[in-house]
2 protein chains.
Amino acid sequence: MVGKQSQSLKLEAVAKRARVSTATVSRVLNNLDMVKVSTKARVLKAAEELNYHPNLHARSLARGKNRTLGILVSNMENPFFFDIYHALESAAHARGYEVVVANTDYHSEQLVKSVRLMIGWRVAGLAAIVSEMDQRFWQAVSDAKIPMVFYDVGTPQKNITNVRVDYRKGMRKIVEYLRSMGHNRMAFLGHHSTLEPINERRKTFLETVKRISPGAQVKICAGSDALDGGREAARELLASGFDPTAILCVNDFMAVGVLRYLRDQGIRVPEDISVTGFDNIRLAEFCSPALTTAHIPREKIGQMIFDILVPEKNTERFVGQEILIDPELVVRESTGVPRSR
Amino acid sequence: MVGKQSQSLKLEAVAKRARVSTATVSRVLNNLDMVKVSTKARVLKAAEELNYHPNLHARSLARGKNRTLGILVSNMENPFFFDIYHALESAAHARGYEVVVANTDYHSEQLVKSVRLMIGWRVAGLAAIVSEMDQRFWQAVSDAKIPMVFYDVGTPQKNITNVRVDYRKGMRKIVEYLRSMGHNRMAFLGHHSTLEPINERRKTFLETVKRISPGAQVKICAGSDALDGGREAARELLASGFDPTAILCVNDFMAVGVLRYLRDQGIRVPEDISVTGFDNIRLAEFCSPALTTAHIPREKIGQMIFDILVPEKNTERFVGQEILIDPELVVRESTGVPRSR
DNA sequence: CTCAGCTGTGCAAGCGCTTGCAATTTGCCA
DNA sequence: TGGCAAATTGCAAGCGCTTGCACAGCTGAG
């Protein structure tokens, strides 16, 4: 057993036990090959015996930088966000970086708190996969000199690169597909209609339908980004009297809620109503009926975000740019020819 | 615009601008009411104008402690883990704490890395909701003096409290329920059979069936803790020739994968085979058919973990104890009377 | 007026680690 | 064996913030 140590172990304790200076211990622990092998072994042994864990705050402070990336997401419960986070994390770990994630639950208040926290932690890079925006967010972020990536919001700047999905194209693919089957009464089921980036998707839907399928009737509804948000929105939609041949959901997660409601009501999908999602989360393939949706390559996005935040020679060309993702239509079981044409 | 500041802003910059000492700025920023109101206002204004964000590493270092909790989970993709994390986070935020989460993906290697990281960050408390265990994990954790909570693993100690669910009881409820309907060929579908805590659940299943429904045939199978893990496991189970009247899944998440496979095969649930889950995640209610399962109060657990890690007078009685959660049976659509009795 | 007793502030010593630079040791060759 | 460069190690100055303690000003009682 070790002697006294009311506070947690310091580098000094290891140094003393290995009979070297703290500088040497530090070098060993940081793998600065310059330490004699025998010394290194002694230090390692001492650290091991003391079960020593360096204080990472002190480390960051002394180094003036660290290898931690921050990621802000609106709703980790939605697998879409999780997948991006997970991909980013894998990429980061593969290159010796850590990532800390903050969930905003679509509250800009929380977003502001979280971004301040991350700046306070002096993260080496920051990714914001969020829809809610706030004056104070931009304020906080404005003259932080850390590399950043925003998904779906904001505009490129020196240290900010944007990745956005081409909703216009995705919508076009879905609407064209539905029109080719004869759908003419379509509802768009979104969420959080007050958030600008999401509003944009709604507008995109309306424009797209008008452009591609001018004769079609449309209707808009919304709920929270959750399974039951989808269910409730579907309930309200049908209660409103609109009788859609197809419901286009803003994402798969909510679509699953929609499916549930329709099933409860004895409405068959796709025979009575077709349903589409967006994102192509894993669940889309596992729900019943499996969802027709638009694929967004979350793995790729996560990896890409990392490459942008921590650029190597060949990836830094993206920095400060805007990157457009082109969603692919994935047809499964939830869509078909409308009953009464 | 602010003058030069190649490095990020320091307390000193704010102090200079407000024409006070750094000590005063610090006091203002920490709300140590002792600063004259007018001074405070001046400091706040300066900080605001400079868009200053305190370096949290320096803060933690100087304070010698911080208000961050760490949480380790095996698989954030499984909503069960997410829910606990989320509840813990909410409780934490409500009391001014932060939480950082680490995903181990069931790899003990990653678990060890993560726990070291958290110790390095000197978290104020640590929750481990993981199944994979490792000698080195205990080693790292052993003489850390931080409060800890383990879910389903380990044994109580001075600074370690345990919360575990009473699988025996949960299993009993499920098996009794199925037996009462006449099921006599039951399969247990688990995951990661090499992990001890999970192995235990399997054993519990076998014992329970033997005890409660001695005549029943049983079979064990397993896949990864994921939607497709459930699907694959179901595939293998049926391919093995065993013809179950009911499949008892280790959790809801995998059960959804099982449902998917059965549907693909044209096997009706519950008419041909009954399926049960465990956890009662939100998705259990939204899949098709809705899952019969055992409810585990994840909100309550998350809150409880916080209360234990950051005890107040009335909650500290739990510290160092073992807390047993009693799962409630929730009957939905995925179970019924077996076809051929 | 004087001086104890408050408030408000500033000083400066850390917190535990990294790292430039100097000091010491070692290795090698003449 | 002496001497020099290279290889190791130690010294000590920070990194940016907190906080115990000392030091003003001020107030009001004596």
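1. Two residues are said to be in contact if their C-beta atoms, placed from the backbone, lie within 7 Å. With that in mind, and remembering that this is a predicted model, consider two helices of chain B: in α10(B), the residues B:Leu227, B:Asp228, B:Gly229, B:Gly230, B:Arg231, B:Ala233, B:Ala234 and B:Arg235 meet a set of partners in α11(B). Those partners are B:Phe253, B:Met254, B:Ala255, B:Val256, B:Gly257, B:Val258, B:Arg260, B:Tyr261 and B:Leu262. Sorted by class, this contact of α10(B) with α11(B) holds ten nonpolar, three polar and four charged residues.

2. The geometry of this helix pair can also be described. The axis of α10, which covers residues 227–239 of chain B, comes within 6 Å of the axis of α11(B), and the two cross at roughly 50°. Because of that angle, α10(B) is oblique to α11(B), and the crossing of the two helices is right-handed.

3. Chain B also contains an open sheet, in which six strands follow the order β2-β1-β3-β4-β5-β11 with parallel pairing. Its edge strands are β2 and β11 (322–325) of chain B, each of which pairs on one side only. On average, and with direction ignored, neighbouring strands of this sheet are turned by 15° against each other.

4. Towards one end of that order, strand β5 of chain B, made of residues 160–165, pairs with β11(B) in the parallel sense over four bridges. Within this pairing, B:Val165 stands opposite B:Ile325, a residue of β11(B). A helix belongs to the picture too, for α6(B) packs on the sheet and touches β1 (68–73), β2 and β3 (125–129) of chain B, while its direction makes about 175° with that of β1(B).

5. How many residues does each chain bring to the contact between chains A and B? Chain B gives 38 residues and chain A gives 38 residues. On the side of chain B that touches chain A, the elements giving two or more residues are α4 (56–63), α5 (79–94), β2 (98–103), α6 (108–120), α7 (135–142), α11 (252–264) and α12 (283–286) of chain B. The largest share of that side, five residues, comes from α4(B), and by class the side has 17 nonpolar, twelve polar and nine charged residues.

6. Two DNA strands, C and D, lie beside the protein chains. Around DNA strand C there are 28 residues, of which A:Leu11, A:Ala23, A:Ser26, B:Ala23 and B:Thr39 come nearest. Around DNA strand D there are 28 residues, and here A:Ala23, B:Leu11, B:Ala23, B:Ser26 and B:Ala62 come nearest. For strand D, the elements that give two or more residues to the surface are α2 and α4 of chain A together with α2 and α4 of chain B. The surface near strand C divides into 13 nonpolar, ten polar and five charged residues, and the surface near strand D has 13 nonpolar, ten polar and five charged residues.

7. Some backbone details deserve a careful look. Most residues other than glycine have a negative phi, and most peptide bonds are trans. In chain B, however, a cis peptide bond with omega of about 10° joins B:Val269 and B:Pro270, and B:Pro270 is placed in the loop between α11 and β9 (274–276) of chain B. Another cis bond, with omega near -5°, runs from B:Ser288 to B:Pro289, the latter lying in the loop between α12 and β10 (293–295) of chain B. In chain A, A:Asn51 has a positive phi of about 55° although it is not a glycine, and A:Asn51 lies in the loop between α3 (37–50) and α4 of chain A.

Terms used
Residues are numbered from 1 along each chain as its sequence is written. Chains are lettered from A and ligands numbered from 1 in the order in which they are written. This is a predicted model: local features need pLDDT of at least 70, side-chain atom pairs count only at pLDDT 80 or more; totals for chains, interfaces and linings use all residues. Ala, Val, Leu, Ile, Met, Phe, Trp, Tyr, Cys and Pro count as nonpolar, Asp, Glu, Lys and Arg as charged, and the others, Gly among them, as polar. A residue is near a molecule or strand if its C-beta atom, placed from the backbone, lies within 6 Å of it. Two strands pair if DSSP finds at least two bridges between them. Axes are lines fitted to C-alpha atoms, for helices over the stretch in contact, and angles run from 0 to 180 degrees between N-to-C directions. Angles under 35 degrees count as roughly parallel, over 145 as roughly antiparallel, 65 to 115 as roughly perpendicular and the rest as oblique. A crossing is left-handed if the near helix is turned anticlockwise from the far one by less than a right angle, and right-handed if clockwise.
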